[in-house]
Amino acid sequence: MSRTALLCVILLGSSLLFFGCRFQGGIEGKAILSEESAEQVITVYSARHYGTDTDVFEAYTDQTGIQVLEVKGTAEELVQRLVEEGEDTNADLFITADGGILYDAKQRGILQPFDSETIREQVPEQWRDPDDEFVALTTRARVLVYAKDRVDPSELSTYEALADDKWEGRLLVRSSSNLYNQSLLAFMVESLGRESAFHWAEGLVHNLARQPEGGDRAQAKAVANGVGDVAIVNTYYIGQMLASANSEEVRAAENLGVFFPNQQTTGTHMNISGAGLVQHAPNREEAVKLIEFMTGVEGQTLLTQGSFEFPINNAADKPPLLDEWDGFHRQSYSFEQLYKHHNIVKTITEQAGWN
Ligand code: FE
């Protein structure tokens, strides 16, 4: 049972104080809390879908006695909800897996700056919002995953080269409605310009082995199953598959190679998972402390060991696979640079027929 559900059960079984309690999926309810159990609660609106976050929150609760209530939704839903709730919100933190959305949240005025020397020490500057309204928790590289038995890595080079005729009927990528792909396309617009990015998207769609379906993991599995030869995928899905309890997933991942594109040019496209401090956070100080914990060694180790994302704190104890992958050239664009292409990206994907 998730901590959300668990906490709400505890609250519903007590008496005296009223406390706003929100369940997964956005259903709201009022719960009652007794004076003895009137523990402090930090509310996190989270669009992340990894169980590791709950492990981190539980570790935080064990150390501080402060409960963490996770409210899940898509990033867009949660931003909308924060806008609508305004100063009545229970949310202290907004956590999501896309730097563009965090930047958008900041632009809409639903975040506020925090001033923490600890966070500044733990997180390199490039992974912090310049105004300290949000900070990265992890980074993720959007890479090429290929069938080791059908593709030689010397055939791979850049995202751009995926539009070549050579790859006709051989590529796999998820829907363009997904934020990871919107961010990738914004990266292409920033590096190539609008016109060339459009032609690239057209070429990519032309070369697809099938219409986009499923998430990144489904693309990786489809390569392993011979549906296509190369897929665009975030690295951590391969780490999760290799560590999976499902032997079929492990076998599939073992047949896949991971290639970091654009090493001689822009660097590989990177995105972040990050946390923003909500403008009307009822528990501002405690929420900042939770970010400090999440970006500290223990929080970072728990996050990265479970999710296989790259930690932002180098002192974290990473899975050995991440050391194998590390050392590649990463993009240096800011989220502001990428997010400004948000509307163009939607037009391009529509015109290019990328569903
Ligand atoms: Fe993901």
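Accessible areas here come from the Shrake-Rupley method with a 1.4 Å probe, and for residues only the protein chains shown count as cover. This is a predicted model, in which local features need pLDDT of at least 70, side-chain atom pairs count only at pLDDT 80 or more, and totals for chains, interfaces and linings use all residues. Residues are numbered from 1 along each chain as its sequence is written, and side-chain values use heavy atoms, with hydrogens and water left out.

**Exercise 1. The whole chain**

Task: Describe the surface, burial, secondary structure and contacts of the protein chain.

Solution:
- Step 1. Take the surface. The accessible surface of the protein chain is about 14,800 Å². Carbon and sulfur atoms hold 47% of that surface.
- Step 2. Turn to burial. Buried means under 20% relative accessible area, exposed over 50%, and partly exposed in between (1.4 Å probe, protein chains only). Of the 355 residues in the protein chain, 57% are buried.
- Step 3. Count the elements. Helices (H or I, at least four residues) and strands (E, at least two) are DSSP runs, numbered from the N terminus. The protein chain has 15 helices and 11 strands.
- Step 4. Look at contacts. Contact means heavy atoms within 4.5 Å. Among contacts in the protein chain with a separation of 6 or more, 72% join residues 24 or more positions apart.

**Exercise 2. Helix H9 and its partner H10**

Task: Find out how H9 is enclosed, then describe how H9 and H10 pack.

Solution:
- Step 1. Check burial in H9, residues 235–242. The buried residues are Thr235, Tyr236, Tyr237, Ile238, Gly239, Gln240 and Met241. Seven of the eight residues are buried, so H9 is largely enclosed by the rest of the structure.
- Step 2. Set up the geometry. Axes are lines fitted to C-alpha atoms, for helices over the stretch in contact, and angles run from 0 to 180 degrees between N-to-C directions. H10 covers residues 247–254. The axes of H9 and H10 are 7 Å apart, at an angle of about 130°.
- Step 3. Classify the angle. Under 35 degrees counts as roughly parallel, over 145 as roughly antiparallel, 65 to 115 as roughly perpendicular and the rest as oblique. H9 and H10 are therefore oblique to each other.
- Step 4. Assign the hand. A crossing is left-handed if the near helix is turned anticlockwise from the far one by less than a right angle, and right-handed if clockwise. H9 and H10 cross in a left-handed way.
- Step 5. List the contact. H9 supplies Ile238, Met241 and Leu242, while H10 supplies Glu249, Val250, Ala252, Ala253 and Glu254.
- Step 6. Sort by class. Ala, Val, Leu, Ile, Met, Phe, Trp, Tyr, Cys and Pro count as nonpolar, Asp, Glu, Lys and Arg as charged, and the others, Gly among them, as polar. The contact of H9 with H10 has six nonpolar, no polar and two charged residues.

**Exercise 3. Helices H6 and H7**

Task: Repeat the packing analysis for H6 (residues 179–192) and H7 (residues 194–206).

Solution:
- Step 1. The axes of H6 and H7 come within 7 Å and cross at roughly 135°.
- Step 2. H6 and H7 are therefore oblique to each other. The crossing of H6 past H7 is right-handed.
- Step 3. From H6 come Leu184, Leu185, Met188, Val189 and Leu192. From H7 come Arg194, Ser196, Ala197, Trp200 and Ala201.
- Step 4. By class, the contact of H6 with H7 has eight nonpolar, one polar and one charged residues.

**Exercise 4. Phenylalanine 308**

Task: Place phenylalanine 308, then give its burial, its phi and its contacts.

Solution:
- Step 1. Phenylalanine 308 sits in the loop between helix H12 (297–307) and strand E11 (310–311).
- Step 2. Its relative accessible area is 10%, so phenylalanine 308 is buried.
- Step 3. Phi of phenylalanine 308 is near 65°, a positive value in a residue other than glycine.
- Step 4. Leave out residues up to four places away in sequence. Phenylalanine 308 then touches residues including Tyr236, Gly239 and Gln240.

**Exercise 5. Histidine 269**

Task: Is histidine 269 buried or exposed, and where does it lie?

Solution:
- Step 1. Histidine 269 lies in the loop between strand E9 (256–259) and strand E10 (270–277).
- Step 2. Histidine 269 has 1% relative accessibility, so it counts as buried.
- Step 3. Setting aside neighbours within four places in sequence, histidine 269 contacts several residues, among them Arg140, Tyr159, Leu184 and Gln331.
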